[in-house]
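Subject: Handing over a structure, with notes

Dear colleague,

I am passing on to you the structure shown below, together with its sequence. Please look it over first, and then read the notes that follow.

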Amino acid sequence: MLKNSTYSIAIVDDHILIAKAIGGVIEGFSKYEVLYEVEHGKALIEKFKQAKNVPDIVLLDIAMPVMDGFETAKWLKEHHPEVLVLSLSMQDDDLSLIKMIKAGTKGYLLKNIHPAELEKALDALVSKGYYYPDWAASKVFSILAENDNKKTNSILITERENEFLKYCCTEMTYKEIGEKMFCSNRTVEGYRDSLFDKLGLKTRVGLVMYAIKSGIYK
């Protein structure tokens, strides 16, 4: 998704020692650098106002004083939608996961993540635009599966949108999907946006979960 040689990161976490530890791990990755660490959302907003360069990625804690992760994610989505936001949490909590996704975050990580998986998550974030570990994807699927099937069954999806949904479930980028479907990037984005509107979704992982749930992809 992003095409920089080095990606800048801001860490937002009121647990200073944890933030420092994560920052230290990231500094060991060749493609990433930590711009700064702040303790809550309001401090991040002040940094955004002061700093000339907005970070490519924000690692965002959920439970923080002054301005928590939910409100911070909403502010970032409204004012800096180009910034990729990755949630950080101590627990694999269903409600927090869904709320952070709705607030616009592109992934969800536990703070005890192994350094190798953290780098994998960051790589996926900049290349695909999102990262959800298996346990998080499973929880999202379970919650979607509990929704009323009558609503999804009444949605009319075209043959080409159906084909696009199947390709969404692969590792292909949107550009590669366009090449496979013999259409332009703009057309692929049109299929994506149309499905977002029809299904009430906002992310590719949501499309994948819908495709699996509805039997479009097996």
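To begin with one pair of helices, helix 8 and helix 10 are roughly perpendicular to each other, because their axes cross at roughly 95 degrees and angles of 65 to 115 degrees count as roughly perpendicular. The axes of these two helices come within 10 Å. On the side of helix 8 the contact involves Arg 160, Glu 161, Phe 164 and Leu 165, which meet Val 188, Tyr 191, Arg 192, Ser 194, Leu 195 and Lys 198 of helix 10. Sorted by character, the residues of this contact comprise five nonpolar, one polar and four charged. Please bear in mind throughout that this is a predicted model.

Helix 8, which spans residues 159-168, also packs against helix 11, residues 204-213, at an angle of about 105 degrees and with the axes 9 Å apart. That angle makes helix 8 roughly perpendicular to helix 11. Here helix 8 contributes Phe 164, Leu 165, Tyr 167 and Cys 168, while helix 11 contributes Arg 204, Leu 207, Val 208, Tyr 210 and Ala 211. The residues of this contact divide into eight nonpolar and one charged, with no polar residue among them. Phe 164 and Leu 165 of helix 8 thus appear in the contact with helix 10 and also in the contact with helix 11.

Helix 11 itself is largely enclosed by the rest of the structure, since eight of its 10 residues are buried. The buried residues are Arg 204, Val 205, Gly 206, Leu 207, Val 208, Met 209, Tyr 210 and Ala 211. After helix 11 comes Gly 215, which has a positive phi, near 85 degrees.

For the wider setting, the protein has 11 helices and five strands, and 47% of its 218 residues count as buried. If one takes the contacts between residues at least 6 apart in sequence, 67% of them join residues at least 24 apart. The protein exposes about 11700 Å², of which carbon and sulfur atoms supply 52%.

Turning to the beginning of the chain, helix 1 covers residues 16-26, and its buried residues are Ala 19, Ile 22, Gly 23 and Ile 26. These residues lie on the same side of helix 1, because they cover an arc of only 100 degrees around the axis. The face turned away from that buried side carries the exposed residues Leu 17 and Lys 20. As for what the buried residues of helix 1 pack against, their partners are strand 1 (7-12), strand 2 (32-38), strand 3 (57-61), strand 4 (84-89) and helix 5 (115-128).

Within strand 4 you will find Leu 86, which is buried, with a relative accessible area of 0%. Leaving aside residues up to four places away in sequence, Leu 86 touches Val 58, Leu 59, Leu 60, Lys 106, Gly 107, Tyr 108, Leu 109, Ala 121, Leu 122, Leu 125 and Tyr 131. Leu 86 and Ile 11 are 75 residues apart along the chain, and their C-alpha atoms are separated by 9.7 Å.

A residue in helix 9 may also be worth a look, namely Gly 178, which counts as buried at 1% relative accessibility. Again not counting residues up to four places away in sequence, Gly 178 touches Cys 183 and Val 188. Between Gly 178 and Val 188 there are 5.9 Å from C-alpha to C-alpha, although the two are 10 residues apart in sequence. Val 188 is also one of the helix 10 residues that meet helix 8.

Finally, there are two loop residues to point out. Phe 182 sits in the loop between helix 9 (174-181) and helix 10 (185-199), and its phi is near 55 degrees, a positive value in a residue other than glycine. Phe 182 is exposed, with a relative accessible area of 77%. Val 66, in the loop between strand 3 and helix 3 (69-79), is likewise a residue other than glycine with a positive phi, in this case near 70 degrees. Val 66 counts as exposed, at 60% relative accessibility.

With kind regards

Note on methods. Residues numbered from 1 in each chain as written. Predicted model: local features only at pLDDT ≥ 70, side-chain atom pairs only at ≥ 80, totals over all residues. Heavy atoms only, no water. Buried < 20%, exposed > 50% of the residue type's maximum accessible area, 1.4 Å probe, protein only. Helix = DSSP H or I, 4+ residues; strand = E, 2+ residues; numbered from the N terminus. Arc of directions from axis to C-beta. Contact = heavy atoms within 4.5 Å. Areas by Shrake-Rupley, 256 points an atom, 1.4 Å probe, with all protein chains shown as cover. Axes fitted to C-alpha atoms, helices over the stretch in contact; angles between N-to-C directions. Parallel < 35°, antiparallel > 145°, perpendicular 65-115°, else oblique. Nonpolar A, V, L, I, M, F, W, Y, C, P; charged D, E, K, R; others polar.
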